[in-house]
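Here are three short exercises to help you find your way around a new structure. Take each one at your own pace, then follow the worked solution.

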Amino acid sequence: MSHATSATDTDLATEGTICVVGLGYVGLPLALAFAEEGRDVIGFDVSAEKVEQFQNGEDPTGDFGADKIAATEATFTVDPTAIGEADVVIIAVPTPVDGHGTPNLDYITGAGETVGEHMSPRTTVVLESTVYPGVTREELVPAIEKASGFTLGEEFEVGYSPERVSPGDAGRGLRDVQKIVSGNTTAAREQIAGLYETVVDAGVYCAPDIKTAEAAKAIENVQRDINIALVNELAIASEHMGLDAREVLKAAGTKWNFHDEYRPGLVGGHCIPVDPHLFAYGSEQAGFVPELVEQARDINEYVPSHVAELVRKAMNDTGNVPKDSRVLLLGVAYKGNVGDIRTSKVDKIIEDLQGYGVEIVAHDPHADDDAVRTNFGVEVQEDVSFEGYDGVIVGTGHDAFDDIDVADLGGLNGDGFVVDVPGVFDQDTLGAAGIAYRRL
């Protein structure tokens, strides 16, 4: 491995201290994984509360468990001077968008300034945050250079390696998914590839340049967003035509070249609702408006309103008056079998129905009850019971709901109804039980 043109002489695959800046669902797994390989790891975050929990052997994320946090050899700190001890700094901070889809790069430039102010010469900086093409070179590097007085390629190198983990999905963690890596020079890219190969069992893919790697990450979720938008639009159109979209998809899926992996649903999370905006913004800055990308976003953002409409239609079918109705919402997390509610789309369903006077009570076996009360403005039921409710909305497809006995739904008041977004229940079984059933 040649490093003749690199600003660092350290072989990052085997030596040197690693500092991870940002200890969220991306940064924390990196810090733990590198520490497991015997590397000297510093985890830096601006949240004193979070860092204190890590230092006390607690897991505020709920993803790893206290035992793993307590056992790690990684050190956690809010002191930015610790960045100066690192040979490689990995930045994993959020890249949110506003209500108009415009990216907010303040976290990235702020991290760049902090790193630049405290890092030592001959450091390699790798960005993991999802961005539109050009951000690493045009936003992060200038922030580092201004704060440090260093020059890219002389005192430091830079790379981009986007996160690809899927929280809650077995076999889709840091070690399981091939990693894209890139660098500002071939030598820097080789160094970064060697570093990640030590913790990614699936191996790495070397993109030819940083902008290609940035675009690839965004496109991964653009593709998913468009495909989900297609089946969501099919579901909405099918409902108007009196068709069951899932049966239509099942029938169409019998053809050899039909892509049968997508189903209608709410599109929440940290990636799919955000990354298309990042890509579209970058494209528009370059002079082209990607209309299909933007239209897919509009369709998927409309789905919660459609679900609320299905609920109102179910109420009408069963003679339930919205302002007198009490409905149990099963699942409020953004995806099945995780407890993260921060990017869930059920808030729009709740807001819509509450506007009609519907009383909503939520139950989620994975989410924190206090957080649900605070974020969604609803009461929480700790254990599932259907007594005293007029209907049920299934918002998230947690595996725990597979154990619900349809006979228990007989506890619903009068002519009860179920609106099932992820398709947890069997339509024929509920129909046989006399329960009105609608699904997306």
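**Exercise 1.** Find how many bridges join strand 9 to strand 12, then place these strands in their sheet.

*Solution.* Start with strand 9 (residues 326-330) and strand 12 (residues 391-394): in this predicted model, four bridges join the two, and they run parallel. For one of the residue pairs, look at leucine 330, whose bridge partner in strand 12 is valine 394. Next, widen the view to the open sheet of six strands, which has the order 11-10-9-12-13-14 with parallel pairing. Strand 11 (379-380) and strand 14 (436-439) each have a single partner strand, so one side of each is left without a neighbour in the sheet. Finally, add helix 11 (residues 346-354), which packs on the sheet and touches strand 9, strand 10 (359-363) and strand 12. The direction of helix 11 makes about 155° with that of strand 10.

**Exercise 2.** Describe how helix 4 and helix 5 cross.

*Solution.* First take the axes: those of helix 4 (residues 106-118) and helix 5 (residues 135-148) come within 7 Å and cross at roughly 35°. The crossing is right-handed. Then look at the contact, where helix 4 supplies residues including Ile108 and Gly112, and helix 5 supplies others, among them Leu140 and Ala143. By class, this contact has six nonpolar, four polar and three charged residues.

**Exercise 3.** Which helix gives the most to the lining of the second largest pocket?

*Solution.* Begin with the pocket itself, which has a volume of about 1,400 Å³ and is lined by 47 residues. Ser166, Asp169, Arg224, Ile272 and Lys335 lie nearest its centre. Helix 7 (residues 210-240) gives the most, with six residues. By class, the lining has 17 nonpolar, 16 polar and 14 charged residues.

How values were computed. Residues are numbered from 1 along each chain as its sequence is written. This is a predicted model: local features need pLDDT of at least 70, side-chain atom pairs count only at pLDDT 80 or more; totals for chains, interfaces and linings use all residues. Side-chain values use heavy atoms; hydrogens and water are left out. On a 1 Å grid over the protein atoms alone, a cavity is a set of points where a 1.4 Å probe fits but cannot get out, and a pocket is an open set with protein on both sides within 12 Å along at least five of seven lines; lining residues have an atom within 4 Å of a point. Grid points are joined across faces, edges and corners, and a volume is the space filled by probe spheres set on the points. Ala, Val, Leu, Ile, Met, Phe, Trp, Tyr, Cys and Pro count as nonpolar, Asp, Glu, Lys and Arg as charged, and the others, Gly among them, as polar. Two strands pair if DSSP finds at least two bridges between them. Contact means heavy atoms within 4.5 Å. Axes are lines fitted to C-alpha atoms, for helices over the stretch in contact, and angles run from 0 to 180 degrees between N-to-C directions. A crossing is left-handed if the near helix is turned anticlockwise from the far one by less than a right angle, and right-handed if clockwise.
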